[in-house]
Amino acid sequence: MYKQKNDAIQPYGPIPSLRQLQWHETEFYSFIHFSINTFTDKEWGYGDEPAQRFNPSDFDADQIVTTIKAAGMKGLILTCKHHDGFCLWPSAYTEHSVKNSPWKNGSGDVVRLISEACHKHQIKFGVYLSPWDRNHSEYGKPAYVTYFKNQLTELLTQYGDIFCLWLDGANGGDGYYGGKSEVRAVDRLTYYGWTEIFELAHELQKNLVIFSDIGPDVRWIGNEAGWAGNPCWSRYTPKGIDGNPPAPGAVLSKEGIHGHRDGEFWIPAEVDVSIRPGWFYHAFEDSAVRTAENLIEIYYESIGRGCGLNLNIPPDRRGQIHQSDIDALRKFQSILDATFSQNLAANATIKADETCEDDRNHFEVNNLVDGNAHTYWTAGPNVKHPEITLQFPEKTEFNVISLREYLPLGQRVHGWAIDIWLDEKWVKFAEGESIGNRHLWRGTLLNSHKIRLRITDAPVCPVLSEFGVHKEPVVLKAPSIHRDSDDNIVINGNGTIHYTLDGTSPGTDSPVYRSPFEYNLSGCISALVADHGQTSEITCKQIGYPKKKWTLCAASSENPESPARNVLDASENSIWASMPYLQREPQWIEINMQENLKLKGFSYIPRQGENSACGLITHFLCEVSEDHENWTTAAQGEFSNIENNPIEQMVYFDKPESARYIRFTGLKVVEGDLVIVAGLNVFV
């Protein structure tokens, strides 16, 4: 445990509570999205899904938990109830739960099995309980808040120690509501009575941290893409809407991505991201699991910026982690192990220009390389700009630097720089602001026998617990795949590229990619890079049917600067934007594909590269026609969670539809009075 050993060094600013320190030590943990949505292929259930749909064929809590542990994660958070209201435990307060499913003849309890497996394998267990409930008849009324507290009490008193209560900001909207298909809005600031809920949770589980948009213990980073701002401070002053106190789902400011250097509270950030495009398991995403290389980037841009990383790993319909996810996690963990298993700085002579002297305690600079986050070094109360030098016995290659502060004394460093001894002089190669729980610098390979850390900006004396030097293993970068402006397939990679077009995994005996080629179909193209006996991970890309013959029939409206014809090109950077209206109206686009196709589905690509919810379509209608006169509805529904996860939205039809024409309508958007479409694809 952390101990404050030096009375001469006083804490600076807000400091973490014991529960927050324990959360910081957890650092890397998993989200487990598993529910009735797993069996309906939805991201957000509507609330009318019958409990009988939940029926995993071979549920294995040990397989889930040991997979998480093998990947280096120290905790697991289970979606005990998502927005659809279906409960993974036999709650006494609703019939919409596992007790009315065919799984284990209604006697099963997913929460108990997962929690017991976590305790057995020494993994911390956490719970997600959606404040929104699209099934409950009383949602939006006072009775539902009582229901929510009753269920929270069940989860926090019947399943052992809980390390985290995870609350999201999705509150109110359309739903089933006990058979009433309607929209119910709530005041997120006042409806739930958050203060009482937070107090109840901490009363029932004193070591539990509460996560929401604004804390109170852990805040959201502001995206689901897997990265934090740089710098990212653990200090934060939440800002509510219209000057009101902040509440989950009701934060106007996007400043959570960076926090505040001089923030009033200690509310560190969590980065939540899924290993797949969606949060629940979908078989059609088996080829779209993140590569280990991408997971490594996420690691450096989350944990490496002082945040916790909550990586979603959704079980499949068996109730187990799919092999595609396991393979990516194994490769990911092998890279982390190879990088961080040894601190090269432990082989160096480490010196500080000053060290605090105290007869009772030991603050030696060697504490920075002892592998113990609970020991630390400080130069003393009046030294704000100390320097630390590492001298190796011989030139040493490295490309990663790891720094940590001793958190019980606060976040004290506001600026740092690192130099390398090159050509008989010091040369700066890295600098930054925040350190906090951890800062990882990652760059190109360097080689020297001396490294120097300088604290360049600190309001009080710095207190550090780690100075690490590491070297990543050489890993071949996986190739990228896309259609170019001529609708040809382009595969980019460094080395010999092998590929397949039939959905199978390529090997070194697969065809060699030499130049862009025609692909007059749609489907999964897979490729890898081979070089000097090594092979990269496999990239799998769902490619839409070629659009070179497509023509625009009509659009409801268009901004001349963003015309509707942009939907027909291969670029995700060009968009069709409808003209704004005083009131939101459905906006549509009609396309002639110039040939009759048997369509299996389509995809909508929202605007990319901008942190804006304007024009993001949440509810859609897709119609098809063979003659442009008689139209059939092929699909209608919602793009759940698109505001936080604006990726390509894949929709597969219930049955193949014969069509020459397709009409796509945006029925509702997140915000604004227009729709924006970066691209449409069809799949045959």
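Let me start with glutamate 49, which is buried in this predicted model, its relative accessible area being 5%. Its side chain forms a salt bridge with lysine 42, and the closest N and O atoms of the two are 3.0 Å apart. Lysine 42, in contrast to its buried partner, is partly exposed, at 31% relative accessibility.

That pair belongs to a longer list, since the structure holds 31 salt bridges, and I would like to go through two others. In one of them, aspartate 325 and arginine 276 meet through their side chains, at 2.8 Å from N to O. This pair links distant parts of the chain, with aspartate 325 in helix α8, residues 323–340, and arginine 276 in the loop between β11 and α7, 49 residues apart. Both aspartate 325 and arginine 276 are buried.

The other one joins glutamate 27 to arginine 404, with an N to O distance of 3.3 Å. Glutamate 27 sits in the loop between α1 and β1, while arginine 404 belongs to strand β15, residues 387–405, so this salt bridge ties together parts of the chain that are 377 residues apart in sequence. Here, too, both partners are buried, and for glutamate 27 the relative accessible area is 11%. The pair is also part of a network, in which salt bridges that share partners join Glu27, Arg404, Arg438 and Glu466.

Staying with glutamate 27 for a moment, please look at its backbone, where phi is near 65 degrees, a positive value in a residue other than glycine. Asparagine 105 is another residue with positive phi, near 55 degrees, and it lies in the loop between β2 and α4. Whereas glutamate 27 is buried, asparagine 105 is exposed, with a relative accessible area of 77%.

While we are on the backbone, there are cis peptide bonds to point out. One joins glycine 215 and proline 216, with omega at about 20 degrees, and proline 216 is found in the loop between β7 and β8. Another joins asparagine 230 and proline 231, with omega at about 10 degrees, and proline 231 lies in the loop between β8 and β9.

Now to the helices. How do α5 and α6 run relative to each other, parallel or antiparallel? Their axes come within 10 Å and cross at roughly 20 degrees, which makes α5 roughly parallel to α6, and the crossing is right-handed. On the α5 side the contact involves Phe148, Lys149, Leu152, Thr153, Leu156 and Thr157, which meet Glu196, Ile197, Leu200, Ala201 and Leu204 of α6. Among the buried residues of α6 are Trp194, Ile197, Phe198 and Leu200, and what covers the buried residues of this helix includes α1, α5, β4 and β7.

Finally, the cysteines. A search of the whole structure finds 0 disulfides. Cysteine 164 is in none, and the nearest cysteine sulfur, that of cysteine 80, is 11 Å away; cysteine 164 is itself buried, at 1% relative accessible area. Why is cysteine 540 not bonded to cysteine 524? The sulfur of cysteine 524 is the closest cysteine sulfur to that of cysteine 540, but at 4.5 Å it is too far for a bond, because a disulfide needs the two sulfur atoms within 2.5 Å. Cysteine 540 is partly exposed, with a relative accessible area of 27%.

Note on methods
Residues are numbered from 1 along each chain as its sequence is written. This is a predicted model: local features need pLDDT of at least 70, side-chain atom pairs count only at pLDDT 80 or more; totals for chains, interfaces and linings use all residues. Side-chain values use heavy atoms; hydrogens and water are left out. Buried means under 20% relative accessible area, exposed over 50%, partly exposed in between (1.4 Å probe, protein chains only). A salt bridge is a side-chain nitrogen of Lys or Arg within 4 Å of a carboxyl oxygen of Asp or Glu. Helices (H or I, at least four residues) and strands (E, at least two) are DSSP runs, numbered from the N terminus. Axes are lines fitted to C-alpha atoms, for helices over the stretch in contact, and angles run from 0 to 180 degrees between N-to-C directions. Angles under 35 degrees count as roughly parallel, over 145 as roughly antiparallel, 65 to 115 as roughly perpendicular and the rest as oblique. A crossing is left-handed if the near helix is turned anticlockwise from the far one by less than a right angle, and right-handed if clockwise. Contact means heavy atoms within 4.5 Å.
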